[in-house]
Amino acid sequence: MAKHIFVTGGVVSSLGKGITAASLGYLLKARGYKVTMQKMDPYLNVDPGTMSPFQHGEVFVTEDGHEGDLDLGHYERFIDENLSRESNFTQGSIYQSLIAQERRGDFLGGTVQVIPHVTEAIKARLRRAAEQSGAHIVISEIGGTVGDIESLPFIEAARQFKKEKPDDDVLFIHVTLVPYIAAAHEVKTKPTQHSVKELRSLGVQPDFIVCRSDHEISSAVKDKIALFCDVAAEDVLSCVDAPSIYEVPLELSHQGFDVLVLEKLGLPVCDADMDGLVSYLDAQHTCSDAVDIAIVGKYVSLPDAYLSVIEALHHAGVACGVKVNVHLIDGGLLDETNVEETLSDMDGILVPGGFGQRAFEGKIIAARYARENNVPYFGICLGLQAAVCEFARSCCNLPGATSAEFVDEIAASADEACASNLFAAASHSLPLVVDLMPEQADIEDKGGTMRLGAYPCCILPGTRAYEAYQQELVYERHRHRFEVNNSYRECLKESGLVISGTSPDKRLVEMIELTDHPWFVATQAHPEFKSRPTRPHPLFLGFVRAAQSASRAAEKTHKSAESSEIA
């Protein structure tokens, strides 16, 4: 039978519950246990797939095609395990399932209530995660903050779950804020006391309290929290802001967190193997060079919208011995008048995925700048589509080449019906080098046209893609609707675009690149989701290496110019 750990948060959101949970998962796996992780989100959206990245951050995609919370990315990167659709569920999905059952008559006319029906549905998902993963330990993070009305069913379900299990099968970890008050020159424990009091009023006594702070938490402060919150002093852990999130597991390990957890769960404490993480951090601290990478996107005001991309760049940077300086560039503000000023100092340009027309023309401008100026370019999902549209316009004599996604969007936004009809007619005459596949055309539910999850890709030998992967068949995760239009494939190839990756039946373009360029590669997939600190993704490795070479070449040219001036 699996052991279960629940992680709750108090005082404020964005405390780092996900990092704390993931760090514990890493430590327990390092002790030889099979660990799986789960995120329970209290909001009423069915999943984050339809939520704005401005509010929610990135949508993380699992191997089996689930659109999940970004914390799943932290989980996978820390415990190095592929999670599934059982690893994330929302209150909206629970209610949707129950209402569907009620409409079918499954409850035989009975009253459907939060208790027991909602709580039982939540507990069923907890049990399912354990059964399907075969894990020894399941770590479940409850989203939101204790005291929020929307998270109450999850807290209650967890309380009931513990009551139904043996004493050492379930424990609770509460992550809370210990703020530093500058005027008083001390950290304050009162917010933590109130947060734990709120949790206890719901019937849950935390076994551990993890104190988040930007200042050191002394043993005296821990003793005070332990006294007021009815826990042992050694069960109060400090988690101070760290330069790298990958240092958090080591800091918690130094306080014996994983040993204490295993003892409370009644499990043997095996030797820990943390050599991989230690080596990664050592390499991170010794990075000597630096490269500047521009991410030209749409949601740049919230860096979490590109969290996995940024993490994957850092993973590759450490492997290459360079510090990657990420510059978030708003594609909606990029145009012909400022592109040189904005991108001329960049060693590499990355255009990530996204939906909607806004910023697409800026992404095309970025792709053209990279192509014409031999700047390493990496296109991901929409970044591939931008590169294809740009190449079609510039190299295939297809002015206005675009995606069917944006034609319909612009036409629908016209103010007057007449103008809309005229614009739509004119727009549909543009070359749609990116379009829906024929079998998708009559599907009205957009979710039904999405490619989600892992799909195979055949790599063409002798290409940059093959050089990166070193194999002919790979599986990458997807999250997109539109494909490169096969009607234009031969035209694109004749003009010099290399189709370096396709679906096994050759119908879908998966990767493209240019041969007469230092490194210009784009993929329909989202390789960032599979990057790990100790195992960076090969495409990110190839891109960062190319940027590193470009940086060194630029530095050599600059020094040569300086020498000429001195002479």
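**Two helix pairs, seen through their definitions**

Tutor: In this predicted model, helix α7 (residues 190-201) packs against helix α8 (residues 219-229) at an angle of about 25°, with the axes 10 Å apart.

Student: Why is α7 called roughly parallel to α8?

Tutor: Set the angle of about 25° against the cut-off: angles under 35 degrees count as roughly parallel. So α7 is roughly parallel to α8.

Student: And which hand does the crossing of α7 and α8 have?

Tutor: The crossing of α7 and α8 is right-handed. On the α7 side, T192, Q193, V196 and R200 make the contact; α8 brings K224, I225, F228 and C229.

Student: What makes a residue there count as nonpolar, polar or charged?

Tutor: Val, Ile, Phe and Cys count as nonpolar, while Lys and Arg count as charged. The contact of α7 with α8 comes out as four nonpolar, two polar and two charged residues.

Student: Now α1 and α3: how do you know that α1 is roughly parallel to α3?

Tutor: Helix α1 (residues 17-30) and helix α3 (residues 71-79) cross at roughly 25°, their axes coming within 8 Å. The limit is under 35 degrees, so α1 counts as roughly parallel to α3. Their crossing is right-handed.

Student: Which residues of α1 and α3 make the contact?

Tutor: From α1, G18, I19, A21, A22, S23, G25, Y26 and K29; from α3, D71, H74, Y75, F78 and I79.

Student: How do the residues of the contact of α1 with α3 divide?

Tutor: Into seven nonpolar, four polar and two charged. Watch the glycines: Gly counts as polar.

Methods:
Residues are numbered from 1 along each chain as its sequence is written. This is a predicted model: local features need pLDDT of at least 70, side-chain atom pairs count only at pLDDT 80 or more; totals for chains, interfaces and linings use all residues. Side-chain values use heavy atoms; hydrogens and water are left out. Axes are lines fitted to C-alpha atoms, for helices over the stretch in contact, and angles run from 0 to 180 degrees between N-to-C directions. Helices (H or I, at least four residues) and strands (E, at least two) are DSSP runs, numbered from the N terminus. Angles under 35 degrees count as roughly parallel, over 145 as roughly antiparallel, 65 to 115 as roughly perpendicular and the rest as oblique. A crossing is left-handed if the near helix is turned anticlockwise from the far one by less than a right angle, and right-handed if clockwise. Contact means heavy atoms within 4.5 Å.
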